[in-house]
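This report looks at how two chains touch and at how a sheet in one of them is built. Please keep the sequence and the structure at hand while reading.

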Amino acid sequence: MTKKGDMLYAWTTDAEIQKKAELGGAVTALWKYALESKAVDAILAVTKGVDLYDAKPVIITDPKDLAKTAGSLHCGTLLMPKLIKKYLGGTKHTKIGVTVKGCDAMAFYELAKRKQLDLDRIIMIGVNCGGSVSPVIARKMIAEKYGVDPNVVHKEEIDKGQFIIEYEGGHKGISVDELEEAGFGRRSNCRRCKMKIPRQADLACGNWGVIGPKAGKATFVEVCSEKGAALLDGAVKKGILATEAPNPKGIEIRGKVEGAMLKLGDKWRKKDFEGLGDGKDRLNKIMSETSRCIKCYQCIDQCPICYCVDCTTKNPVYVPPGELPVNFMFHLIRYAHIADSCVNCGQCEEVCPAEIPNALFMHAQQVELEKMFGHVPGLDMELPLHAFVEEKAERARLANTHSDMIYENVFNPVPK
Amino acid sequence: MSAEIPTLTYVPTTCPYCGVGCGLNLVVQDGKCVGVEPYKRSPINEGKLCPKGATCWEFVHSPDRLTTPLIKKGDKFEKASWDEAFDLIAKKFKETSDKLGPKSLGFQVSCRTVNEDCYAMQKWARVAFKTNNIDNCARICHGPSVAGLSLCFGSGAATNPFEDVLNSDLIVLWGSNAVEAHPLAARRVIQAKKKGIKVVVLDPRYSPTARLADKWIRFNPSTHIALANSMMYWIIREGLEDKEFVKKRTKGFEDLKKTVEKYADVESITGVPTEKVKEFAREYANAKSAVIIYCLGITELTTGTDNVRSMGNLSMLTGNIGRPGTGVNPLRGQNNVQGACDMGAYPNVYSGYQKCEVADIRASMEKSWGMPAGSLPDWYGVTLTEQINQCGDPIKAMYILGLNPVVSYPDSNHVKASLEKLDFLVVQDIFWTETCEFADVVLPGACFAEKDGTFTSGERRVNRVRKAVDAPGESKIDYLVFAELAQRMGLKGFDWKTGKDVWDDMRACTPSMRGVTYEKMEKPESVHWPCPAEDHPGTPILHCEKFACADGLGNFFGIEYRPPAEVADKDYPYTLMTGRVIFHYHTRTQTDRCEVLHYEVPESYIQINTQDAKELGIKNGEKIKVRSRRGETITKARVTDDLAPKVLYMAMHFDKGANNLTNTALDPLSKMPELKHCAVAVEKIREA
């Protein structure tokens with residue numbers, strides 16, 4: 001029996017999964033078991049769309065369909081939790097298993113705090129993530145830096161600091177540092193990310209630290225919750241998953257890789273945040289960049305912190321409707337409502353048609369707030385700063401004014 | 001437990017609004033569109049969308065959708081079967097054509113619908129009735145681009161892709177408010193600016209796009225030719241023209257040179273000081289690669305074609321064409337305005353701009369379409385708004401697909417009075433429009449989410465449109481409506497089942513499209529036409545080695561400035577310009593059914609200069625009356641310094657709005673009405 005905190009190597013013994021599996025197929029086997037044992041009703045996974053640069057979400061209920069899932073797609077930049085909130089009605093109707101990157105895991109906690117979904121009805125298998133590359137950038141990078149037609153690439157991976165492609169007739173790796181120097185590489189939020197091993201998931205999996213005879217043939221699993229332990233034990237008992245104690249040297253290596261990634265994250269934070277300047281300079285920079293906003297509302301639509309039925313940005317008292325340039329209050333409202341909880345998932349920036357570095361602005365504010373108040377979003381169920389604001393008085397005010405402002409919904413979601 | 005596990009399907013498709021052609025994912029659950037999610041794999045927009053694209057799923061299942069054919073009986077429209085409707089349409093059109101000939105019919109094709117619908121409709125009209133009275137609404141947006149660029153370069157399309165501005169040294173946006181009208185093309189300009197590429201915007205109004213610019217040049221409305229001529233005067237005078245390019249690749253330079261000699265100082269016309277003109281002329285001529293992006297500010301005038309040719313003159317004079325980072329790019333307005341023209345929904349060309357007047361081409365089309373030799377007409381058909389003028393005489397029966405002339409054509413009162421004169425009008429659309437009131441038969445079509453097909457964007461890229469859900473009720477996929485009408489009339493060559501069938505029919509008779517296959521369009525990179533063979537990679541940049549003219553040379557034209565047809569005077573002292581807002585598309589049949597878009601701009605407004613407002617005692621937000629010689633409208637004043645005094649700006653999206661005022665005077669070459677310029681009077685509404 002495993003317990004929270006255990007670490008092990010795991011691989012599947014299921015012949016079907018073995019045929020397609022990467023790194024021993026442990027994650028696929030765990031999901032197969034989760035479906036068969038009815039631990040979950042469905043798995044929300046990522047599958048390849050038109051090619052390996054195109055990540056699409058897929059809901060799987062039949063274990064046979066797990067083969068469709070993609071393995072790692074570093075060019076997929078989907079954020080899964082918001083999809084569950086938006087399209088599946090949260091977890092009310094469905095118990096869901098999801099393979100998560102760090103930002104997914106953090107977003108799940110933030111949505112759960114806001115009662116938009118129930119973590120008891122979710123199983124998260126976390127996977128190490130060193131960052132992802134937007135699909136079009138990836139294709140350009142492969143054409144320009146690798147001199148390879150992106151259409152002939154059939155596999156990509158990030159390993160030992162390199163982005164490696166395999167294609168008809170060869171493979172090629174270039175260091176991520178070099179790619180990022182040249183303006184390619186990971187999304188800028190990924191560069192600043194310090195959630196490389198998502199331990200707030202039920203299991204944290206990856207290939208870091210798998211050495212010796214099992215290198216490339218097993219997955220390193222860290223058990224992060226009782227739920228995770230039960231899933232793992234069940235799969236072993238069912239006979240589709242085998243495990244062994246990890247090589248102690250492997251544990252050390254895993255720690256080192258994580259440490260190096262965190263350091264790199266710090267380096268990028270320093271660079272990016274310093275680039276914003278301080279005080280009024282920073283404000284001016286933010287005001288000037290956001291002045292290009294065209295009010296597509298996609299930063300809000302894609303944000304895992306935003307959940308209000310009636311968004312304050314649509315209150316004409318604050319933001320006059322139908323006007324370009326958009327009143328700066330639009331952005332101030334976002335900052336006020338989100339900054340304490342921003343998990344730096346990067347969606348707001350990736351989808352911005354006006355090329356506003358939204359994630360950078362929000363993340364910079366989150367980091368400042370964290371320094372001041374010590375609240376770290378996305379790690380656990382600790383409530384954000386906002387939730388502690390004079391709740392009773394706030395509630396009374398809302399009740400008296402029939403307002404639809406944000407706090408009304410924090411503890412008591414309004415049904416749509 | 002888990003009786004019903006929700007599904008979640010992404011259908012990658014193309015946005016139904018502007019000509020940028022953004023990719024997006026329609027989210028489908030239980031046979032219904034429930035959302036739009038970013039399609040980050042699209043090289044065009046990388047998942048980014050404007051307010052319209054992001055909400056384009058909302059109108060799909062609107063309860064207001066037309067779901068059955070309707071036939072007018074007496075004063076009332078009654079539900080009818082397709083059989084009944086088909087029989088009536090076939091009978092009426094056949095009778096009219098038999099009795100009064102091919103010029104008694106008019107066919108108006110939408111630029112909002114897929115290429116396959118456009119091709120199908122024009123093929124049916126041409127094969128069944130031997131008529132060329134077929135046009136599409138490019139006529140009232142980029143007709144002058146097609147005409148003007150064809151005269152200059154031999155091809156009427158944009159020369160370079162949107163993303164190519166990143167290869168420029170200077171980006172000139174002239175009469176284009178891309179931030180609102182083509183937001184994801186403007187995004188490329190934003191990217192370019194971030195790279196340090198200089199952006200100059202020429203616009204009488206300090207538009208959201210002008211706000212992006214390093215330099216904004218305000219000029220008096222509709223004085224483009226004077227300004228361009230003056231630039232060229234100084235370029236030639238200072239010897240900055242690209243002499244080698246002019247010599248090797250063009251003709252007509254002397255004509256140009258002679259004409260621009262009179263334009264050294266045009267400040268009295270344009271309002272732009274000569275020093276400023278000189279400075280900008282030098283900048284444009286000296287840039288290694290400069291691109292001109294223009295839009296309806298250039299085209300929607302009685303000088304539209306000449307304005308476009310002036311852009312062509314500038315680019316050739318400085319050798320800024322036929323290379324990366326250069327070019328002359330009209331931002332096509334509607335999602336498929338390029339495609340509707342490409343498909344031959346045009347009064348003088350078949351698909352791929354094959355001219356009807358050329359006997360060999362007619363013979364080849366007759367062969368492709370299985371028609372007797374000599375049956376296709378050689379005459380130039382009647383254009384869009386001229387068809388309206390000809391309603392009653394000689395046009396007796398008209399078929400309108402996905403257009404709302406009563407709101408979108410100039411002088412709404414004239415349009416209504418004209419449509420009244422028809423004996424028989426068919427309107428095929430997805431919603432009941434103001435134009436349906438004038439119909440005898442209304443047919444329910446299918447929207448972009450309900451059919452497989454293609455839109456061709458403003459960069460000549462053919463983008464796939466994919467079926468996500470079934471059309472509502474009995475509504476039908478539009479190309480199948482034409483297929484059934486044709487079959488009912490006993491015509492051969494219309495036995496299409498799918499969008500691909502129609503496309504392949506078109507490809508077979510269209511040399512420039514032959515290599516654009518559905519297979520190649522599977523990847524979102526797709527293909528830029530011309531693409532003459534399946535192993536051809538397509539042509540992102542036109543005119544690299546030679547121009548598309550018969551002799552391979554580009555043509556300069558010496559063009560004199562002409563004022564607009566109607567200028568401000570004592571009785572109508574204000575100049576009204578029209579345009580668009582980012583939150584709406586055209587006559588709002590789709591966008592106003594999206595909650596947030598309606599919230600943003602629920603009603604029309606007019607921008608008026610602070611000084612003018614003060615003089616008239618008009619406050620911001622106040623309702624005012626605006627009159628022209630043709631009609632009047634009541635609208636809300638937005639008081640602003642974005643406009644010069646005596647100039648007003650109004651968006652065209654609203655019923656009984658701007659087009660109650662606009663002028664029907666036409667550009668002689670392209671028949672474009674002067675939608676962007678008319679004289680109006682403004683009145684404060686006195687409280688009763």
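## Contact between the chains and the sheet of chain A

In this predicted model, the contact between the two chains draws 37 residues from chain A and 43 residues from chain B. On the side of chain A that touches chain B, two or more residues come from each of S3, helix H3 (80–87), helix H5 (135–144) and helix H11 (298–302) of chain A, and S3(A) gives the most, with three residues. The make-up of that side by class is set out below.

| Class of residue, side of chain A that touches chain B | Count |
|---|---|
| Nonpolar | 19 residues |
| Polar | eight residues |
| Charged | ten residues |

Strand S3 also has a place in the sheet of chain A, an open sheet of eight strands with mixed pairing, whose order is S3-S2-S4-S5-S9-S10-S1-S11. Its edges are strand S3 (55–60) and strand S11 (241–244) of chain A, each of which pairs on one side only. On average, and with direction ignored, neighbouring strands of this sheet are turned by 30 degrees against each other.

At the S11 edge, strand S1 (residues 7–12) of chain A pairs with S11(A) in the antiparallel sense over four bridges, and A:Trp11 has A:Ala242 in S11(A) as its bridge partner. Helix H8 (residues 226–238) of chain A packs on the sheet, where the helix touches strand S5 (122–127), strand S9 (203–206), strand S10 (219–223) and S11 of chain A; the direction of H8 makes about 135 degrees with that of S10(A).

Notes: Residues numbered from 1 in each chain as written. Chains lettered and ligands numbered in written order. Predicted model: local features only at pLDDT ≥ 70, side-chain atom pairs only at ≥ 80, totals over all residues. Pairing = 2+ DSSP bridges. Axes fitted to C-alpha atoms, helices over the stretch in contact; angles between N-to-C directions. Contact = placed C-beta atoms within 7 Å. Nonpolar A, V, L, I, M, F, W, Y, C, P; charged D, E, K, R; others polar.
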